[in-house]
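Colleague: I am new to this structure and would be grateful for a guided discussion. May I put some questions to you once it is in view?

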Amino acid sequence: MKTLQTNRRGFLAGATATLALIAAAPSLAAGKTLNILSHRVHQTSLGEGEADLMAAWKQANDADLAFTTFDSNPLMDRLFREASLPETEFGVGYLVDNRPTSEIAKLFEPLDYWMEKDAIADFDDIAPGLIKGMTIDGKLIGIPVRTATQALFCNLDLLEQAGFSAPPATLEELVAQAQKITDDKIATGMILASDLAVFPVMFARAFGGDFLTPDFKLLPDAAAMEQALTVLAGMFANGALPRSYATTKNDDQVTWMQQGRAAFTVLPFARAAQLNDPEQSKFSGRITAVGFPVAEALAGKTPMATVVEAWAMVIPTNAKDKELAWSYIKQVASPETTLGMALNGNGPARVSTFSDPKLVEKNPLAAIEAEALANGRGAFPPFPEAARAQALFLEEVQLAVLGRKSPAEAVEAIAARVAPLLP
Amino acid sequence: MRAETLLIRLGKAVAVAAILFWSLFPIVFIVTSSLKPGQDIFAVPPQWTFQPTLQHYVTLWTQWGVFFRGLWNSAVVTVGATLLAVIASTCAGYVFSRHAARWLELSIVGLIAVRLIPPIVVTLPLFPIVNRLGLSDTHLVLIILYATFFVSMGTVLMRTFIDQIPRDLDEAAAIDGASRLTILRRVIVPLAAPGILAVAVFVVVFAWNEFLFAFIFTGTNAKTAPLVISEMIGSIDGVDWGVLFAASTVQLAPVLAFVILMNRYLVAGLTAGATKG
Amino acid sequence: MGVVPLLAPVQLLLLVVVILPSIYVVWLSFHVSSFGQAPEFTGWSNYLRVLSDPAFRSAMWNTVVIVVVAVHLEMLVALGMALLFNSGIPFRRILLVAVLAPYAVSEVVAVAMWRFLFDLDIGPITLMMQTLGLPVLEWSYDPVHATVMIVLLTIWMHLPFTFVILYAARLAMPSDLYEAARIDGASRMQCFWRVTLPLMGPAILVALLFRYIFAFRMFSEVWLLTGGGPARSTEVVAVYLYQEAFSYNAFGTASATALLMVAASLVLASGYIWLLRRQVKNAR
């Protein structure tokens, strides 16, 4: 009894000491601290401890990095609120490319001045499309740092069981394969989240249409959108999309694929590692990615404009130490750090990084990803009412997929309801 | 007659089994899932037997240091908010119990009416104020917020507890020359202790699990455990469910232990309070 | 020392944290405001915009339905359980702890668990229902089932609160009243209607009122479980408000929504508030 008590006290003391150590850790080093508002993935792709890509920078600048991390949407909200204050503690924020409207852009430091003063190495290598996305009203407000390019993921084992030797080359093949796998009771054909515009937009683009073009044309090809919704509704009605479609989220896609409950899904290329992680996945090494296929009628003619989401680093206009913030951005955007992050699974913003031998060796999908990225663009352009427009679009898509509305009616409703929100 | 008692007993047994299943099944599931190897967590059909592993707890410990710091922050905030709420509610409850006046009566209805305002509403204007005061990302701001959203309920409950204490006691003390504060400290607080503990349970559970305010008003330093857990569910780099369930179990354990430890006082305290309402 | 210093902490906290910010919200509800944009006066147009939005009206309707059904159902179950516990059952202490346990679970964790337990394809509960030949809750497809699921989850999370208040009230009732009633020849049912219910009335009222207040602003249950879907059919007012404020950054309409929400919850709870006031008066 006595020993037990000592042990417990010893354990408590140990735990307290560890907690104290953890709490004290940031104060051990450095004269300056750069506060960064980001998603956790931005922090982890920079590496930690031994593999810290920023170690040299930290030493050279006698500075430490303090990351405050949130999930995507909350992160944007927090970033905008911080940037609206008279002064913020945060020097650098990470911004998604579908958010910067003219109003939002005013909250962030124009970076052209800093580029002239102290330019980023080999700046032209950063994909021009991404730079354009961060140039608002003629001012560059963010430096692209991460791309997430959507790919079609396939479980090769399940495909083989249904008698398919290769991933689909056209959208029609994809639908047929998904249906066969469903009908043979091997698995559910495909799993897609219902709360993101990405997926219906991809299907519409496969038919040569779109939801909203970069120059704000709503439904440039209404027939293509109708075809897309018809296909999705058909898949749902025939069981190739699960009954739980309307409440499926992004994370469900990953677990379904890992468990072999679905044969196909659409996720960013970077998810390949997680889908094949032997710790979590029952099909480790058997889940591969290809570019999302276009419809037969377009095959070989129009390349697929897959959905790409990009993140950029920004400096709030009310930040305190902009000098240090720019120095950080410059380092992270450099070719070496970009490669280092890519090796940690970050989708690079530099074109040349994709063909770097080290990355090609580590990530066999790099070439396919580079190709998809070359033709890709955002799901829709940023504008003040974009979030509301997306919600309306998704509501109509869900109604059509669940069979509560005909695809034609849904397309009509999208046109009527979204149009008043456009800038 | 005997058949009837048997039937009643059987009915009770079924009811008890249903209650147990309803209350505990989801919790048991979280805990067992945290001990399953990663691949088995979402296995179809669910695996009821498995080789228990602590791997998720190891991962949690090695990779999510921020979670344990979050637990510490939660603890600091919970203790602070509980003390503040309990002291404020006891003082106010005492006044409402012992003094009758039209404005007091209106003010207690006002207390409840104010509570109708959803917390999410006040976050918009509070954010710039908190920043201006330099309170953003501190324990203090959460302590104040959590306490505030429980003082109205705390006051109503404390009033009913203190109503149970015979007035003769404080009148006697007053005749002996005790000040109001002394009466409160020496007479009321000891006698209303079960009630105070009951109020404390409500605040502790709320403060320990609260998400919205913590999410809006903290960043790095005062980030609480539920926030870290929700970040684990975040979408970009995927969820490691095993670690998530391990973290949930660790986060749940202390407050569950506290509720279990306090259930005696909770019921006893509310019994004293509820006789009159 | 007067009574004011003793009341001050509570009043001060409420003033600074709730009342003053609320006044600002009232002001904001008459303005158009977003990030990077100075507020601009627009009169009643935010209110008109919200009230004429079919999504808001359906959210309000959903909220009222869920609140009324969930709170009263929960009250009935809690009352039944309180009486069951009082009638003498074995292992009462342990059972009490079991009943209280869900109260300690945070919303984030509770929802993650329920989503999985009721998963349409692999959820253990769904599979169990199937083996027993019972109907499956198609909560991700059918709006009515989704509403049922939200009601169940909300009851799971809050039943302990209601139960504990009612159980405590039942324990506090003097047993001699029952003996007297029995001697007078009252039946079980008569005892319940004439003795139990009136004596527990105040506790029921307090529990109902607090549950009304909390349930009306229900957010996590819906947001994390169904996200308001399928196709916005289960959206509640708090979700609508959250979307306006934090997804669309329309602070003016968000403020107007908030005030409409407070007004609606006051109307819904007004009966109980009136009863409580009368009680406070009678107690004097």
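Colleague: Leaving aside its neighbours within four places in sequence, which residues is L142(B) in contact with?

Modeller: Please bear in mind that this is a predicted model. L142(B) is one of the residues that touch the most other members of the largest nonpolar core. Beyond its neighbours within four places in sequence, its contacts are V77(B), A81(B), F213(B), A214(B), F217(B), T218(B) and A222(B).

Colleague: Which helix of chain C gives the most to the largest nonpolar core?

Modeller: This core has 303 residues, and L166(C) is among those that touch the most other members. The helix of chain C that gives the most to the core supplies 18 residues and spans residues 143-172; it is α7.

Colleague: Between which domains of chain A does this core lie?

Modeller: The assignment for chain A includes two domains that both give residues to the core, so the core lies between them. They are domain 1 (2-147 + 310-372) and domain 2 (149-307 + 379-421).

Colleague: How many residues does the second, separate core have?

Modeller: This core includes L53(A), M54(A), A342(A) and L343(A). Its total is 6 residues.

Colleague: How many residues of chain C are in contact with chain B, and how many of these are nonpolar?

Modeller: On the chain C side, 71 residues are in contact with 71 residues of chain B. Helix α1 (residues 4-28) of chain C gives the most to that side, with 13 residues. By class, the side has 4 polar and 4 charged residues, and the nonpolar residues number 63.

Colleague: How many helices and strands does chain C have?

Modeller: Along the sequence, the pattern of chain C is α-β-β-α-α-α-α-α-α-α-α-α-α-α. The two strands thus follow the opening helix in that pattern. The count is 12 helices and 2 strands.

Colleague: Is N249(C) buried or exposed?

Modeller: N249(C) is found in the loop between α11 (237-247) and α12 (251-283) of chain C, and its phi is positive, about 50°, although it is not a glycine. A residue counts as buried at 20 or more C-beta neighbours within 10 Å. Because N249(C) has 24 such neighbours inside 10 Å, it is buried.

Colleague: What is the phi of L219(A)?

Modeller: L219(A) is found in the loop between α10 (198-206) and α11 (222-237) of chain A. The residue is buried, with 22 other C-beta atoms within 10 Å. Most residues other than glycine have a negative phi. In L219(A), however, phi is positive, near 45°.

How values were computed
Residues numbered from 1 in each chain as written. Chains lettered and ligands numbered in written order. Predicted model: local features only at pLDDT ≥ 70, side-chain atom pairs only at ≥ 80, totals over all residues. Contact = placed C-beta atoms within 7 Å. Helix = DSSP H or I, 4+ residues; strand = E, 2+ residues; numbered from the N terminus. Nonpolar A, V, L, I, M, F, W, Y, C, P; charged D, E, K, R; others polar. Buried ≥ 20, exposed ≤ 12 C-beta atoms within 10 Å, placed from the backbone. Core = buried A, V, L, I, M, F, W, Y, C linked by C-beta atoms within 7 Å. Domains from an automatic or database assignment.
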